[in-house]
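Colleague: I should be grateful for a close look at a single part of this protein, written so that a first-year student can follow it. Please then set that part within the wider architecture.

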Amino acid sequence: MTERVPVLIVGAGPVGLALAGDLGWRGVPCLLIERTDGSIEQPKMDIVGPRTMEFCRRWGIADWVRDAPYPGDYPQDCIYVTGLNGYELGREPFPGRAYEKCPPQSPQKRERAPQDMFDPILQRFVRTFAHVTLAYHTELMTFEERANEVVATVRDVRTGATTKISADYLVGTDGGASLVREHAGITMSGNPALTYTSNVMFRCADFPSLHDKPKGYRFIFIGPEGTWLTIVAINGGDRFRMSIVGSADKVMHTEADIHAALRRAMGRDFDYEILSVMRWVRRELVADRYGTDRVFIAGDAAHLMSPTGGFGMNTGIQDSVDLGWKLEARLRGWGGDELLRTYETERRPVAVRNVTEASGNLGRMLSTRQRRPPPEIFQPGSAGDAARAEYGAWFTETMKREWFTIGFHLGYRYDASPIVWPDGTPAPPLETSTYSQTARPGARAPHAWLADGRSTLDLFGRGFTLLRFGADAPKAERLRGAAAAAGVPLDVADLDAPDVAALYQRRLVLVRPDGHVAWRADTEPEDAWAVIDVVRGARCYANMRQAQEQDTVADGAQTKA
Ligand SMILES: Cc1cc2nc3c(=O)[nH]c(=O)nc-3n(C[C@H](O)[C@H](O)[C@H](O)COP(=O)(O)OP(=O)(O)OC[C@H]3O[C@@H](n4cnc5c(N)ncnc54)[C@H](O)[C@@H]3O)c2cc1C
């Protein structure tokens, strides 16, 4: 017996869970398989970025993340030290997450919720959909892509029994060592080994009282050799994650190395319990392709980056949201033939940008290895104080770029997408620590608060949304008619809010199901069919323009003749 599902998702890490949840929310049945039992031995991600939180808001689970058990009053400072009982060189202060405000550009703020808090939230979300099946202890063994289906062989890891599953589409969210990517013959480009790092989870209930530094989220340790260690307060309580940063030289940190590192960080012996050790290679890799006709990859399967910046999972969840509505559109029949190909066109450049930035952040954190600290910073006295002040100020300034990244979390755009209809305005620069909202086609549709307390983002969702600004906004009947004829779900939202209209800059703005602007103008398009065909992926914008130009030339030649 072969089971039949519209979408088979392989790997229930945060990205697979997000895709299953997004499809479930869209009413698309899917099967998510995961070879483990879903428990997290060592949480990797812990920062849920503001864009991911915007998706959680749309899914109705933002409060669940807000209510995650990471204590709201635990200060989130990043502190640069020679040791926990040594000298503080500098710090970037951040309040506890309960006190952090939403940025003006978003109805949500980032949240600190490590993977062993966040994955269960996504699991709970996925389980609210009867048409989504979450199968743990189930491993993908192999698959075959055919013209009309993908046939996968999966195995129950407890019994060894194998089953065949036929799916319209298969998505590999199966992590860095992705079998789906490998089996689809997709290669990756970049740097396969930036550092050989060891992450050690340890429990120490009285950790803050063992040293003289105020509580913080992340300690970065600088020795005579430069930055060598970090410790983060992973649950804001008794559990911490130490990373022996390492280098590009292959190294295997032994148990003795781990104990020595903990002792060196504290400056003396102390009691702790080692919970788990994860030895891993920090990579800078992006898949050369994001899929085939029916097989796609997302998350770490598609891009591997240094955690410096907290982009990894957040980039993967953006992948899931981009892919989710496109899969739905194809399955329901209104998505055009080009639509799924644009998943790669839109998402791959974002991954390249984020992967590059993450490596840049690593380079900044390790820049102390080139600009070594002067020996005085480890010595007491006024000469030491002066050296610490100077070196600490430089490092604090250097590290700011990693901590302030709203331009990456919210500012990614699909400017060159074939399913975005450009409006002829120049592309604004991509930003890092700042983010200027724009409703230029390809950009995330801006947030503004509406009079009824909703965000503009609350207007967008499962289908397209046409925003009409002002009482005299064109009715857009042709556009609505073309959408209806093509089966494209389209809601219309009339807004009489001059400040929001000023932000969107046009009287008609068409927003996609993922919250990105597809088209905007002050008047109805002459060829509403063409606009709808482009945004649903039935025609590529560039090809359509080329065909139109050729028609014009042919018409001109005919007229002359
Ligand atoms: C120390 C560290 C800190 C980080 N901090 C952050 C952060 O703050 N913010 C952030 O955004 N990112 C962060 N990241 C990156 C983030 O953790 C990853 O990007 C994210 O976990 C990727 O999620 P994923 O679902 O794509 O893959 P994974 O989490 O790797 O999940 C893949 C899943 O697929 C399963 N699987 C694999 N093969 C099969 C198969 N054949 N059949 C069935 N199941 C299979 C695996 O068991 C696994 O559960 C950090 C990473 C590290 C190492």
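Which residues does Asp-37 touch, not counting residues up to four places away in sequence?

Modeller: The model is predicted, and what follows should be read with that in mind. Asp-37 touches Tyr-136 and His-137, once residues up to four places away in sequence are set aside.

Let us begin with Asp-37 itself. Asp-37 lies in the loop between β2 (30-33) and β3 (47-48). Its relative accessibility is 45%, and because residues between 20% and 50% are classed as partly exposed, Asp-37 counts as partly exposed. The side chain of Asp-37 also has a polar contact with the side chain of Ser-39, at 2.6 Å.

Of the two residues that Asp-37 touches, His-137 deserves a closer look. His-137 is placed in the loop between β7 (132-135) and β8. With a relative accessible area of 22%, His-137 is partly exposed as well. Its backbone has a notable feature: phi of His-137 is near 55°, a positive value in a residue other than glycine. Most residues other than glycine have a negative phi.

From His-137 the chain leads into a pair of strands. Strand β8 covers residues 138-145 and strand β9 covers residues 150-156; the two pair in the antiparallel sense over 7 bridges. A hairpin of 4 residues joins β8 to β9. One bridge can be named: the partner of Glu-144 is Val-151 in β9. Strands of a sheet pair through backbone hydrogen bonds, either parallel or antiparallel.

Both kinds of pairing can be seen around strand β4 (residues 78-81). To strand β5 (residues 88-92), β4 is joined by 4 bridges, and these two strands run antiparallel. Tyr-80 stands opposite Gly-90 in β5, and a hairpin of 6 residues links β4 to β5. To strand β12 (residues 218-223), β4 is likewise joined by 4 bridges, but here the strands run parallel. In this pairing Cys-78 stands opposite Arg-218 in β12. In a regular strand the side chains alternate between the two faces of the sheet. In β4, Cys-78 and Tyr-80 belong to one side and Ile-79 and Val-81 to the other; these four residues are all buried, and both faces of the strand are covered.

A further region lies far from Asp-37 in sequence. To give a sense of the distances involved, Asp-37 and Trp-421 are 384 residues apart in sequence and 44 Å apart in space, C-alpha to C-alpha. In this later part of the chain, 4 strands form an open sheet with mixed pairing, in the order β19-β18-β20-β21. Its edge strands are β19 (490-495) and β21 (517-521), each of which pairs on one side only. From one strand to the next, the twist averages 15°. Helix α11 (residues 477-486) packs on this sheet, where it touches β18 (464-469), β19 and β21; the direction of α11 makes about 155° with that of β19. Ala-476 is found in the loop between β18 and α11. Like His-137, Ala-476 is not a glycine, yet it has a positive phi, of about 60°. Ala-476 counts as buried, at 1% relative accessibility.

Within the sheet, strand β20 (residues 508-511) and β21 run antiparallel and are joined by 4 bridges. Val-511 has Val-517 in β21 as its bridge partner. Strand β21 also contains Arg-520. Since residues under 20% relative accessible area are classed as buried, Arg-520, at 5%, is buried. A polar atom of the Arg-520 side chain lies 3.1 Å from the backbone oxygen of Tyr-504, and the side chain also makes a polar contact of 3.2 Å with the side chain of Gln-505. Beyond four places in sequence, the residues that Arg-520 touches include Asp-423, Thr-425 and Ala-439.

Finally, consider the protein as a whole. There are 14 helices and 21 strands. The radius of gyration is 25 Å, close to the 24 Å that the globule rule gives for 561 residues, so the protein is as compact as a globular protein of that length. Along its principal axes the C-alpha trace spans about 90 × 60 × 50 Å. Of the 561 residues, 58% count as buried. Among contacts with a separation of 6 or more, 73% are between residues 24 or more positions apart.

Methods
Residues numbered from 1 in each chain as written. Predicted model: local features only at pLDDT ≥ 70, side-chain atom pairs only at ≥ 80, totals over all residues. Heavy atoms only, no water. Pairing = 2+ DSSP bridges. Axes fitted to C-alpha atoms, helices over the stretch in contact; angles between N-to-C directions. Contact = heavy atoms within 4.5 Å. Rg over C-alpha atoms; globule rule 2.2 N^0.38 Å. Buried < 20%, exposed > 50% of the residue type's maximum accessible area, 1.4 Å probe, protein only. Polar contact = N/O pair within 3.5 Å; in protein donor to acceptor, adjacent residues only side chain to side chain.
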